[in-house]
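Trainee: Could you take me through one part of this model slowly? I would like a close look at a single strand and its surroundings.

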Protein chains: 4
Amino acid sequence: MSRKMRMGMVGGGRGGFIGHVHRMAAALDGEIELVCGAFSSDPKKSKLSGQDFFLPPERSYGSYEEMIKTEKTLPEGERMDFIAIVTPNHLHYGPAKMALQNGFHVVCDKPLAFTMKEAKDLQRIVKRTGLLFALTHNYTGYPMVKQARMMIAKGKIGEVRKVVVEYPQGWLSTKLEDSGQKQASWRTDPKRSGIAGAMGDIGTHAENLAEYITGLQIKRLCADINIMVPGRLLDDDGNVFLEFDNGAKGILFATQIAAGEENNLRIRIYGEKAGLEWAQQSPNSLIVKWLSKPMEIMRTGVGKLYPEAQHATRIPAGHPEGYLEAFANIYRNFALALRAHLAGKKPKALHLDFPSVEDGVRGMRFIEKVIESGKSKQKWMKF
Amino acid sequence: MSRKMRMGMVGGGRGGFIGHVHRMAAALDGEIELVCGAFSSDPKKSKLSGQDFFLPPERSYGSYEEMIKTEKTLPEGERMDFIAIVTPNHLHYGPAKMALQNGFHVVCDKPLAFTMKEAKDLQRIVKRTGLLFALTHNYTGYPMVKQARMMIAKGKIGEVRKVVVEYPQGWLSTKLEDSGQKQASWRTDPKRSGIAGAMGDIGTHAENLAEYITGLQIKRLCADINIMVPGRLLDDDGNVFLEFDNGAKGILFATQIAAGEENNLRIRIYGEKAGLEWAQQSPNSLIVKWLSKPMEIMRTGVGKLYPEAQHATRIPAGHPEGYLEAFANIYRNFALALRAHLAGKKPKALHLDFPSVEDGVRGMRFIEKVIESGKSKQKWMKF
Amino acid sequence: MSRKMRMGMVGGGRGGFIGHVHRMAAALDGEIELVCGAFSSDPKKSKLSGQDFFLPPERSYGSYEEMIKTEKTLPEGERMDFIAIVTPNHLHYGPAKMALQNGFHVVCDKPLAFTMKEAKDLQRIVKRTGLLFALTHNYTGYPMVKQARMMIAKGKIGEVRKVVVEYPQGWLSTKLEDSGQKQASWRTDPKRSGIAGAMGDIGTHAENLAEYITGLQIKRLCADINIMVPGRLLDDDGNVFLEFDNGAKGILFATQIAAGEENNLRIRIYGEKAGLEWAQQSPNSLIVKWLSKPMEIMRTGVGKLYPEAQHATRIPAGHPEGYLEAFANIYRNFALALRAHLAGKKPKALHLDFPSVEDGVRGMRFIEKVIESGKSKQKWMKF
Amino acid sequence: MSRKMRMGMVGGGRGGFIGHVHRMAAALDGEIELVCGAFSSDPKKSKLSGQDFFLPPERSYGSYEEMIKTEKTLPEGERMDFIAIVTPNHLHYGPAKMALQNGFHVVCDKPLAFTMKEAKDLQRIVKRTGLLFALTHNYTGYPMVKQARMMIAKGKIGEVRKVVVEYPQGWLSTKLEDSGQKQASWRTDPKRSGIAGAMGDIGTHAENLAEYITGLQIKRLCADINIMVPGRLLDDDGNVFLEFDNGAKGILFATQIAAGEENNLRIRIYGEKAGLEWAQQSPNSLIVKWLSKPMEIMRTGVGKLYPEAQHATRIPAGHPEGYLEAFANIYRNFALALRAHLAGKKPKALHLDFPSVEDGVRGMRFIEKVIESGKSKQKWMKF
């Protein structure tokens, strides 16, 4: 299996943001090559995008259906191994399902799907086919997030008591969707985004991060969901009380009207013995606050970190790794697991450390429940 | 009136924390002198404490009643002008009421009283007597808090949409009260602290800070109140959704089980045009995050700040001022207002910028309402 | 000796900066009272300043000579115990010498004197009289500076190899002295400041801090001394290589033309096992960077600190203490040592932890040597 | 020219650090593909490394000579376009010269060569051949470094007066070379590293950064060069005074014995109107300190930045980009310029923004001069 893993992309043509991110993340480690794509629903645009990426014209397809069908006919040594889905939410289910049904593995952007029904259906198909499926909750790809997760798993901070996870952004402080800006348009449109705006777009990242790091699951929640910019159709702000399965309590907030905030995902977890703090905008540090000794700043590449964190690090201490490297950690693990899978081996646990379809289903349930709770007069709601 | 204002202290004997703070804050600017005290309910201990502070023995009293009665008989040129109450919550009402009824002005630690009834009674007496009353919500004494307040009042960040105010401490992560530690003992004891623990001790500071800076008032709230350390009698953790009178939403949390946190009061306010961020542990900075230009770090003493902020600053930029200086700002303003009052003049608005008995009543209502909401299955509750 | 220590002040009338700082620092802990002053060379101004501080008119003197002579005639229970000298550099020697010769102890602002000759003379008189003398190199009063000093003394970071101490300010980026601004005028005037500008004003603080923390002494230096603002008469910028008596190397720079800097004194010390970092603008933190384990942030009041650091701390962790508190630590120690001295006892070592006349002489030598080296074509010069 | 640019690598086999960095940086943007390599002087190891990178066996060469000769014989549509040299310093000159003489463009790691003579020779060959040559002084690839450079070029901070550039690392605090660690071994070996250790390895980065950002050139310097770890053969610490061609003064220090430091390259530049501060470990922020208004934190992707900074940014604000992205900016610009060059066009100025052979010659002169000055008793030395 001495070759790169071959990726076909759905969506991500010229002008898109997340498609570009997926391509860079997939390319970084030299484990994956982009071999084809259905970059746009407009076949001409798809071709032009394919040119940008130096693809031969015949492998820039006019639709994902065409891509999947045609690639399937190519010889094993040539056809794509997996697809990467980077379309808006309402266009995840179709290509994911068809790819899986035709034997292609899948990397899919989050949230998993447009509806809970779609999500559960994908979960069933993944289970049935035994194919690999990765969901790009990229923030869990950071080394210090993995270090935090391992510290909690190993009991370093004691039983978790309180979680504060927050995701403030400011870019929707004005009614940007009226300007036609591409990112704002579909994210605020119920037909393309689903029942949630901010809670789906970034709230699910916060939820996923909290569960990933703590190893706990949300059991109950109470949400206050708001539209702060007049005329907007979906939530742009939300506050949620959380209760975890071990009894820990938490606060989650996600907002896109926090004027001046960039992409300030941040989490604090307090256990019986210590508190952990991590902020996405300074991702190479993990702050550990102890009960009665000096706080420590753990840093990527410094001292003895857990293998999971080390594996997610490429360069020595003091050489900052960022968003793309964390994103690439999903792709690299996916590629390494896929290589093993294609060779008929069981992938290493270390390589299976990427978000799964199950994480995707939990994310969809989170969306469903916060929106339901937001409309309820009752305080707590079961997750 | 060319003399220092004369202070008598109730509580604050040897070993106490907050009494020492009040004395330093009162002394800093040379406007106030400590002339007498009822430092302990034990007359002997009160005398010994008086010696520590170089008071003549006859002015260390065995009780506040004795102090007020005796001081009242002293000639105007000698007797105390006001009392400072630094006792646990259940011992605020008695000395405050008696002082006011005997013509003495009052500085009182927060929360205002043990019960709402006491609080309202004090409010009435203050109004009736026309005497000065300051409540030491000291965190509003910081220059950059005043700068933030003025920026919002002047419309610099537009209409406020979201407030996040948090007060994590970690010192009650273990059951410290079992060790007999003085501060922990009374704060976790319903007989001395009242119906609330953390929410009264620090939650009220957070509430006061949010209302002071935004100029808004809480209209509704929804609280999740917890006891995280088994066997503790009062809340040590709480999360609150807030709704303000202009429709802005907010989150307040206060916790004393956030392992490793020192005294991390912090507030963020997002308006239509900008976000403000201030943290008590780095009090000389105010971060202003703008919608589409570089964020600014305003610093005590740098550039043109509002007169309210400048008045609260003693030394040039880069010479950090801290907790005691902020606390002293209340005492200095109180002394300057009192000097005017004693001279028969109306104090300047700038000097009346200290927390009032009304702030104290709002704080007591906050305590009452969060505890009530914490027990309710209903989501929102009127303030 | 159950009374406050009595201070007379020389200089520090209305409009001054450092006199105000000394008064606040002396007042903070209730150990010292201001009883008299020669606040200005203009007797009228001195009286008016005395009124500001609520002194009786007869104890606001027209000159330090008058003050020292008159106070000496007062009964022991009333006369001042020590003088605090807060005048420009050229007016330190006179009052210090006369006070000492008349039996009064002295607190003096830095640098010690106008010339090396004066400095050495004061050193002799202090030695001869056995009176207490404190020099207000206030930055060594910070708790975390003391913690750093003790860590090095106890070998925690191994042998010191490299020191980087820097003191950038920006307030003299323009020719402020032309505006008549009081602080700028005398500091840039060779007749009042001496042979050095920035190197005397702030360079000596950096030198003192480096020697205090490391416990080492400068053995050789090489200086590059500059006047960056055209027309200025004294240095406003300087860079110095240092060699310490153990062979460690260092860099010291002090500048007052670092546009936009406030008062950014900062030191880093690298030993064989760890590096220490402290910054005056965030004084409650001490960063410890270890060779192969996570860095630690030591914080005032957190965990087990050395007694020297604890003694210099007034309030619990997370309640920031600043410049005035550090300054007050010199006054408090001076007062406690003086109290013992007056009672005929040997002061505790802990209380003698304040800068001495010897530190002052070293500071004067530093000024002399950096200016000499700055003019030399030779690289290294003996200290 | 619708194809990726083709890279052949010299050095960078298994276990190396910088070769891996070059490969990731070259791959990130999908503009370049690795087509061949002479990864090791041991042909077997070179083949194995080629397998790691999924190269066909016939394009893993046993020496750079073999690679250059063989690739030259391949048809234009297949052969490599340029070589990337990632060997230790003593092995830069040979492959660079031979590649250029055979019509291949070159990307070379820094410092440019082993001796000044080699450097000048390469400069001549580059000039004569007209081929593209990039030196990977990667730190100038960061967007906020480019923003700083443009701000100064546009006069935003006025005339530059003072520069402080520092590069502390701690990884050579012990005699790591004795352990056989690969990176330490060659860097401390005069036969492979040249006349300088730390000053060549990281001092040149600091020098390059200072000249790049300020647009000034060093005119004179005075150096203190040290070996702090006993028995080491090359400098591990150095302090340098700088004088720039406009009269500005500066300090540069580079050290590898700063225990606990990671890779803390940091620069401050003070002009007449403002100061700039940038730190490689927090590369997405540029601090601007103004004379009399609040400091600003410019951030990658926030507000209006100069086109040079925008072009160097891939993803939106708040999505941190790091070391690899900055490194990739050199490769991307090189590839874009090469594409134009191969198409017979003049590359855009924006794409020629990468370090050149001239920068390399200046770096070599810096090494030569600091080492010479370090041995001299004279203070200043012409650059």
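Mentor: Happily; here is a walk around one strand of chain A, then out to the contact with chain B, and finally to a helix pair in chain D. Please keep in mind that this is a predicted model.

Let us start with β10(A), which spans residues 266–271. How many of its residues are buried? The count is 5 of 6, so by the cut-off of 20 or more other C-beta atoms within 10 Å, β10(A) is mostly covered.

Now look at the neighbours of this strand. With β6(A), β10(A) forms an antiparallel pair held by 6 bridges. To find your place in that pairing, go to A:Lys162, which stands opposite A:Tyr270 of β10(A). β10(A) also runs antiparallel to β11(A), and here 5 bridges join the two. In this second pairing, A:Ile269 is set opposite A:Leu276 of β11(A). The connection from β10(A) to β11(A) is a hairpin through 2 residues. While you follow these strands, it helps to recall that side chains in a regular strand alternate between the two faces of the sheet.

Next, the contact between the chains. Chain A gives 33 residues to the contact, and chain B gives 33 residues as well. Our strand takes part: β10(A) is one of the strands that each supply at least two residues of the side of chain A touching chain B, and β6(A) and β11(A) are also among them. The largest share of that side, 4 residues, comes from β9(A). Sorted by class, the side of chain A that touches chain B holds 13 nonpolar, 9 polar and 11 charged residues.

How are the two chains related? Chain A is superposed on chain B by a rotation of 180° with 0.0 Å of shift along the axis, at an RMSD of 0.0 Å. That is the relation of a two-fold axis. If you want to locate the axis in chain A, look for A:Lys379, whose C-alpha is the nearest to it at 2.1 Å. Both copies use the same surface, since 100% of the contact residues of chain A recur in chain B.

Last, a stop in chain D. Helix α6(D), residues 143–153, packs against α9(D), residues 198–214, at about 45°, with the axes 7 Å apart. That angle makes α6(D) oblique to α9(D). From α6(D) come D:Val145, D:Ala148, D:Arg149 and D:Ile152, and they meet D:Tyr212, D:Ile213 and D:Thr214 of α9(D). This helix contact comprises 5 nonpolar residues, 1 polar and 1 charged.

Methods: Residues numbered from 1 in each chain as written. Chains lettered and ligands numbered in written order. Predicted model: local features only at pLDDT ≥ 70, side-chain atom pairs only at ≥ 80, totals over all residues. Contact = placed C-beta atoms within 7 Å. Nonpolar A, V, L, I, M, F, W, Y, C, P; charged D, E, K, R; others polar. Least-squares fit on C-alpha atoms with pLDDT ≥ 70 in both. Buried ≥ 20, exposed ≤ 12 C-beta atoms within 10 Å, placed from the backbone. Pairing = 2+ DSSP bridges. Axes fitted to C-alpha atoms, helices over the stretch in contact; angles between N-to-C directions. Parallel < 35°, antiparallel > 145°, perpendicular 65-115°, else oblique.
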